[in-house]
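Me: I am new to this structure and would like a close look at a single part of it. Please choose one sheet together with whatever packs on it, and take me through that part step by step.

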Amino acid sequence: MSRIGKQPIVVPSQVTVTIDGQRVTVKGPKGELFREIPPEISVEQEEGTIVVRRRNESRNARQRHGLARTLVANMVQGVSQGYEKRLAIQGIGYRAAVQGQKLTMNLGYSHPVEFDPPAGIQFAVEGNTNVTVSGIDKEIVGNTAARVRAARPPEPYKGKGVRYADEVVRRKAGKAGKK
């Protein structure tokens, strides 16, 4: 049995979960999310918790059991607390600003780099160099943060670029360090 898949998901009091066949809908104070669960997995609600079970012991069912449980747990946490990713910009002249909904960054290119947020995603900038990507869907928050980081990934010689706030960039010695 999957160690992750067999754990029940505790549903907070302000969150409602609706299960309609393979479609799971989760509503909470921050919004609403839904997802189609694979047919070899069943989702049931039991007195304040959600239990994810396999319908059979096929290889596909075993592979997707823990995944389905984690996806439903992420939905419950997203509509109750939300998710955020923090990015830090390093480099002389590198800065970010939010104009309306759009994130505009100067990253050393001849033009500013602009990002329109997907539905349900908000950008926030603190001190011109700290960007926060927040929303209720963990997958979209992570993908958006990765796209922002990919605009100018940190380089290994001076460390300039966009990085996750907790990311450690391994630095290389330049030509002078070769002696």
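Reply: **A four-stranded sheet and its helix**

Four strands make up an open sheet in the order β11-β12-β7-β13, and their pairing is antiparallel. The edge strands of this sheet are β11 and β13, each of which pairs on one side only. From one strand to the next, the twist averages 25°. Before going further, please keep in mind that this is a predicted model.

A good place to begin is β7, because β7 has a partner on either side in the order β11-β12-β7-β13, where strands count as paired if there are at least two bridges between them. On one side, six bridges join β7 to β12, and the two strands run antiparallel; within this pairing, Tyr83 stands opposite Gly135 in β12. On the other side, four bridges join β7 to β13, again in an antiparallel arrangement. Here two pairs of residues can be followed by eye: Ala88 has Arg163 in β13 as its bridge partner, and Ile89 stands opposite Val162 in β13. As a guide while looking along any such strand, the side chains in a regular strand alternate between the two faces of the sheet.

The helix that belongs to this picture is α2, which packs on the sheet by touching β7, β11, β12 and β13, with its direction making about 10° with that of β7. Helix α2 covers residues 138–150, 13 residues in total, and reaches 18 Å from its first C-alpha to its last, close to the 18 Å expected at 1.5 Å a residue. At the start of α2, a side-chain oxygen of Asp137 comes to within 3.2 Å of the backbone nitrogen of Glu139.

Which residues of α2 are buried? They are Val141, Thr144, Ala145 and Val148. These buried residues cover an arc of only 100° around the axis, so they lie on the same side of α2. The spacing fits a simple rule: an α-helix has 3.6 residues a turn, so residues three or four places apart point the same way. The buried residues of α2 pack against β7, β11, β12 and β13, and also against β9 and β10.

Those last two strands lead to a second sheet, an open one of three strands in the order β8-β9-β10 with antiparallel pairing. In this sheet β8 (95–99) and β10 (113–115) stand at the edges, and because each has a single partner strand, one side of each is left without a neighbour in the sheet. The twist of this sheet averages 20° from one strand to the next. Strand β9, residues 102–106, is joined to β10 by three bridges, the two running antiparallel, and Leu103 has Phe115 in β10 as its bridge partner. The buried residues of α2 therefore pack against strands of both sheets, with β9 and β10 among them as well as β7.

One last detail brings us back to the first sheet, at the loop between β11 and β12, where Asn128 lies. Most residues other than glycine have a negative phi, and most peptide bonds are trans. Asn128, however, has a positive phi of about 65° although it is not a glycine. Is Asn128 buried, partly exposed or exposed? With a relative accessible area of 44%, Asn128 is partly exposed.

Conventions. Residues are numbered from 1 along each chain as its sequence is written. This is a predicted model: local features need pLDDT of at least 70, side-chain atom pairs count only at pLDDT 80 or more; totals for chains, interfaces and linings use all residues. Side-chain values use heavy atoms; hydrogens and water are left out. Axes are lines fitted to C-alpha atoms, for helices over the stretch in contact, and angles run from 0 to 180 degrees between N-to-C directions. The expected span of a helix is 1.5 Å times one less than its number of residues. Buried means under 20% relative accessible area, exposed over 50%, partly exposed in between (1.4 Å probe, protein chains only). The arc is that of the directions from the helix axis to the C-beta atoms. Contact means heavy atoms within 4.5 Å. A polar contact is a pair of N or O atoms within 3.5 Å; within protein, one must be able to donate a hydrogen and the other to accept it, and residues adjacent in sequence count only if both atoms are side-chain atoms.
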